[in-house]
Amino acid sequence: MFGMNFFPEMPRPFNTQYRCYPVAMLPGNERSDVEAGGKIIMPPSALDQLTRLNIVYPMLFKLSNKKNKRTIHCGVLEFVADEGKIYIPYWMMQNLMLEEGGLVQVESATLPVATFSKFQPLSKDFLDLTNPKAVLEMRLRHFACLSKGDIVAINYNNKIYELNVLETRPSAAVSIIECDMNVEFEAPPGYEEPTVPRPQPVEEDEPELDISQMLPEDTRFIAFAGSGNRLDGKKKRTSSETEILNRHIAEYTRGIPDHNFQVGNIRFIRAKKPKDKDDKENIEDLFQAFEGKGQSLRQAKSKK
């Protein structure tokens with residue numbers, strides 16, 4: 001009865017200082033999964049200390065550079081680093097402004113679950129992706145938390161895209177492990193929306209072209225082209241001018257484009273060449289009446 005613990009032990013904070021190195025210097029095979037995420041690799045002694053301190057899971061940490069007061073939040077992936085060292089992605093070292101072997105303070109942290117985040121791509125190339133939002137959500141699965149002001153780097157199709165974290169809710173640092181988070185994007189620096197050309201006003205249909213105005217004046221002699229007079233003094237309307245105009249139009253119709261042309265229809269225009277008078281005289285009629293040889297039923301008597 002007296003051995004019962006009525007007051008459970010409260011979790012104590014983890015606070016240790018380590019030498020910081022990029023993931024590329026981790027012994028063994030290349031760890032591209034660590035470089036493309038937001039988790040670090042710590043030494044085995046850190047795991048022993050964390051279990052004794054009753055740290056709340058998931059394990060989240062705050063990395064601080066005491067020299068310039070810069071901080072960043074992250075998760076832990078493995079505990080296989082050399083003692084006194086931690087290996088972090090290169091983009092974290094850039095955010096903390098740390099050099100290889102620099103001292104970094106590692107503290108345990110408890111962060112609220114994210115509900116909203118806003119990113120700003122630093123390059124216009126990120127907008128050329130087919131679905132930038134889906135790419136970001138897929139790559140954020142390798143991250144444990146986000147902090148406002150961080151510049152995270154994601155790797156997609158062997159290309160690094162950097163994004164600035166402009167806003168996180170409900171706090172400036174949030175956990176994104178198993179969360180339902182809304183994501184928004186801000187336009188990259190210097191990005192301008194493409195201008196859509198304004199539709200030009202539709203021009204009014206041009207009036208139909210009068211072919212008669214384009215015809216040259218005919219200087220040839222035209223029979224019966226004059227005007228006649230009636231004996232009763234009344235003026236009679238003649239169609240001589242109309243016939244002349246129609247004759248001219250018929251001659252020039254072949255050289256005028258067909259504005260009623262429809263795609264898929266082909267019209268073959270064949271004009272008959274007028275025959276000269278000399279040609280008419282030289283042409284002989286093939287049919288001649290009574291040109292056959294006649295035979296008589298009565299045989300001619302032979303003269304003796």
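This is a chat about a few strands, loops and backbone details of a predicted model.

Student: Hi! Let's start with Ser64. Where does Ser64 lie?

Tutor: Happy to help! Ser64 lies in strand β3, which covers residues 60-65.

Student: And is Ser64 buried or exposed?

Tutor: Ser64 is buried, because its relative accessibility is 6% and the cut-off for buried is under 20%.

Student: Which residues does Ser64 touch, leaving out those up to four places away in sequence?

Tutor: With those left out, Ser64 touches Arg70, Thr71, Val104, Gln105 and Glu107.

Student: Okay, on to strand pairing. How many bridges join β3 to β6?

Tutor: Five bridges join them, and the two strands run antiparallel. As for β6 itself, that strand spans residues 102-109.

Student: Which residue in β6 stands opposite Phe61?

Tutor: That would be Ser108.

Student: What about β1 and β6, in which sense do they pair?

Tutor: Strand β1, residues 15-22, pairs with β6 in the antiparallel sense, over six bridges. In that pairing, Thr16 stands opposite Val106 of β6.

Student: Quick aside: how do side chains alternate in a regular strand?

Tutor: In a regular strand, they alternate between the two faces of the sheet.

Student: Nice. Changing topic: I'm checking omega values. What is omega for the peptide bond from Tyr57 to Pro58?

Tutor: Omega is near -5° there, and the bond is cis. Pro58 sits in the loop between α2 (44-52) and β3, and Ser64, from your opening question, is in β3 too.

Student: And which kind of peptide bond joins Arg169 and Pro170?

Tutor: A cis one, with omega at about 15°. You'll find Pro170 in the loop between β10 (159-169) and β11 (173-175).

Student: Now phi. What is phi for Asn158?

Tutor: Phi of Asn158 is positive, about 60°, although Asn158 is not a glycine. The residue lies in the loop between β9 (151-156) and β10.

Student: Is Asn158 buried or exposed?

Tutor: Asn158 counts as exposed, because its relative accessible area is 79% and the cut-off for exposed is over 50%.

Student: Last one, Glu178. What is phi there, and where is the residue?

Tutor: Phi of Glu178 is near 50°, again a positive value in a residue other than glycine. Glu178 is in the loop between β11 and β12 (182-185).

Student: Buried or exposed, that Glu178?

Tutor: Exposed: Glu178 has a relative accessible area of 81%.

Conventions. Residues numbered from 1 in each chain as written. Predicted model: local features only at pLDDT ≥ 70, side-chain atom pairs only at ≥ 80, totals over all residues. Heavy atoms only, no water. Helix = DSSP H or I, 4+ residues; strand = E, 2+ residues; numbered from the N terminus. Buried < 20%, exposed > 50% of the residue type's maximum accessible area, 1.4 Å probe, protein only. Contact = heavy atoms within 4.5 Å. Pairing = 2+ DSSP bridges.
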